[in-house]
Amino acid sequence: MKKALIISYYFPPMGISGVQRTAKFVKYLPKYGWKPIVLTIEPHAYYAYDETLVDDLKPLAVEVFRTSTKKVTRMNAIGKKKREAKLSSASIERAMSMISQVFRIPDGKISWKKPALLMADEIFKKHPDIKVIFSTAPPYTAHLVAEELRRKYQLPIVLDFREPWVENPSNFYLTPFHKRRQNTLEELVIRSADKIITPNREIKEIFLRKYYERLTHYDITIIPHGFDPTDFNAMNAITRGDKKLRFVHSGIFRNQNLPKPFFRGLKYALEKRPELKEKIEVRFVGICQKEFIKQAESFGLRDIVEVRGHKNHRETIDENMKADVLWALLGNVPNNHAISCGKIFEYVACGKTLFGIMPQGASRNFILEANGLVASPDNIEEIGQKILEIAALWEKNQLPVPAPDVVEKYNREVLTGMLAKEFEEQVSLD
């Protein structure tokens with residue numbers, strides 16, 4: 001079995017933020033003749049943990065090498081000692097992110113580069129027969145680690161961009177120097193990459209336009225996010241005693257994606273049909289900031305909104321399976337068109353109606369492909385009308401669901417086969 005070094009800052013038992021994609025690649029790579037060896041960080045002071053993701057990998061006896069968290073995470077740096085860190089308000093989170101981006105380039109995890117490289121040397125001493133290096137970002141520090149290892153060990157690297165780098169909608173550039181520096185680092189890793197992976201066409205096109213005549217379509221492969229069918233095989237048929245139309249959102253809201261447009265649209269719908277207030281309920285599953293509870297109260301919706309709190313992955317799927325409508329939101333900010341919301345690819349496996357409040361782009365296109373309904377985050381009337389349309393379809397027992405052939409396209413076992421094929425190609429070229 002050929003060996004691949006997997007560089008991923010986020011990895012189980014951490015939850016959220018890109019963990020699922022990498023963990024499932026690691027789970028299924030052995031089926032395609034590849035033994036993954038993981039380089040990651042010792043988990044500490046993170047927003048959410050999920051031991052079920054660790055349990056999922058235990059039968060494979062995956063080798064995981066973890067660097068110390070000392071002086072790496074912001075929470076450590078300010079003296080937090082609890083394993084789970086509390087999520088600050090959206091305004092504080094945004095301010096901290098902006099400060100970090102001013103002083104730490106390419107991202108707040110740059111302090112991880114040195115310990116990661118040292119740990120990588122130890123890994124290569126134990127596994128000198130590694131054939132390919134795979135890194136996933138954000139954080140983009142992981143790609144800098146991969147680039148340096150490529151030069152040192154003369155091995156091909158495959159770089160996975162879950163989100164754009166310089167054009168990331170969460171980025172803040174205080175001065176032209178900051179953006180130039182990010183561009184320089186991005187170009188460095190792009191030039192060094194033997195293969196680039198993106199989860200959608202929008203990110204691929206950003207790179208092709210930006211590096212015209214340096215990259216071709218063949219240099220970038222699209223491997224979308226997906227779902228693990230084994231996470232759903234064990235699920236029993238869900239029965240509910242109530243007869244309400246249940247909207248469920250699972251996952252975390254960050255910065256520009258707070259749920260205010262949904263609340264405003266729901267208020268609009270209830271003003272048009274007041275009787276629906278007795279028929280609709282909204283559940284939030286995941287880490288919730290206090291702001292959006294206050295938002296719900298300000299729109300007179302607190303009685304129909306329930307916060308279920310953080311759940312592990314299996315419990316989250318259970319909550320999703322009990323929904324009538326699974327929804328997601330992306331704010332209308334520059335470059336959000338290139339963001340693929342990971343949660344909606346698991347939504348599709350639940351066989352429920354999908355509702356997306358988001359601008360034109362990758363996530364909106366996916367929801368339409370999955371037979372869902374969409375509205376612009378800037379058009380409150382449209383959001384409200386779509387909620388009314390959903391309610392009318394629900395009353396007729398005609399809610400639309402994804403087609404089976406669409407669902408199967410996003411099976412993570414199949415998607416990992418695509419990644420393994422890229423690994424094989426690099427080895428054969430080498």
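Where is Asn371 found? Asn371 sits in the loop between H14 and E13. The structure is a predicted model, in which local features need pLDDT of at least 70, side-chain atom pairs count only at pLDDT 80 or more, and totals for chains, interfaces and linings use all residues. Residues are numbered from 1 along each chain as its sequence is written, and side-chain values use heavy atoms, with hydrogens and water left out. Helices (H or I, at least four residues) and strands (E, at least two) are DSSP runs, numbered from the N terminus.

Asn371 is not a glycine, yet its phi is positive, at about 65°. Most residues other than glycine have a negative phi, and most peptide bonds are trans. Asn371 comes just after H14. Three classes describe accessibility: buried means under 20% relative accessible area, exposed over 50%, and partly exposed in between (1.4 Å probe, protein chains only). Asn371 counts as partly exposed because its relative accessibility is 41%. Helix H14 covers residues 362–369, and its buried residues are Ala362, Ser363, Arg364, Phe366 and Ile367. These buried residues pack against helix H8 (201–210), helix H13 (342–347), strand E12 (353–357) and strand E13 (373–375).

Strand E4 spans residues 130–137. Of its 8 residues, 7 are buried. Two strands pair if DSSP finds at least two bridges between them. E4 pairs with strand E1 (residues 2–7) in the parallel sense, over 5 bridges. Here Ile7 has Ser135 of E4 as its bridge partner. E4 also runs parallel to strand E5 (residues 157–161), and 5 bridges join them. Ile133 has Ile157 of E5 as its bridge partner.

Helix H6 (residues 141–153) joins E4 and E5 in a right-handed β-α-β unit. A crossover is right-handed if, with the strands pointing away from the viewer, the path from the first strand over the helix to the second runs clockwise.

Two residues of H6 were examined. Ala146 lies in this helix. Ala146 counts as buried because its relative accessibility is 0%. Contact means heavy atoms within 4.5 Å. Leaving aside neighbours within four places in sequence, Ala146 is in contact with Ile7, Ile133, Ser135, Ile157 and Leu159. Ala146 and Val158 are 12 residues apart in sequence, and their C-alpha atoms are 8.6 Å apart in space. His143 is also found in H6. His143 is buried because its relative accessible area is 0%. With neighbours within four places in sequence left aside, the contacts of His143 include Ser135, Thr136, Ala137, Leu159, Asp160, Phe161 and Val189.

The loops beside H6 were considered next. A cis peptide bond joins Ala137 and Pro138, with omega about 10°. Another cis peptide bond joins Pro138 and Pro139, with omega about 0°. Pro138 is in the loop between E4 and H6, and so is Pro139. Gln154 lies in the loop between H6 and E5. Phi of Gln154 is positive, near 55°. Gln154 counts as exposed because its relative accessibility is 59%.

The search for cavities gave a count of 1 cavity of 30 Å³ or more. A cavity is a set of points on a 1 Å grid over the protein atoms alone where a 1.4 Å probe fits but cannot get out, and lining residues have an atom within 4 Å of a point. Grid points are joined across faces, edges and corners, and a volume is the space filled by probe spheres set on the points. The largest cavity has a volume of about 30 Å³. Gln101, Ile105, Phe172, Tyr173, His178 and Gln182 line this cavity.

Terms used
1 Å grid on protein atoms, 1.4 Å probe; cavity = no way out; pocket = protein on both sides within 12 Å on 5 of 7 lines; lining within 4 Å.
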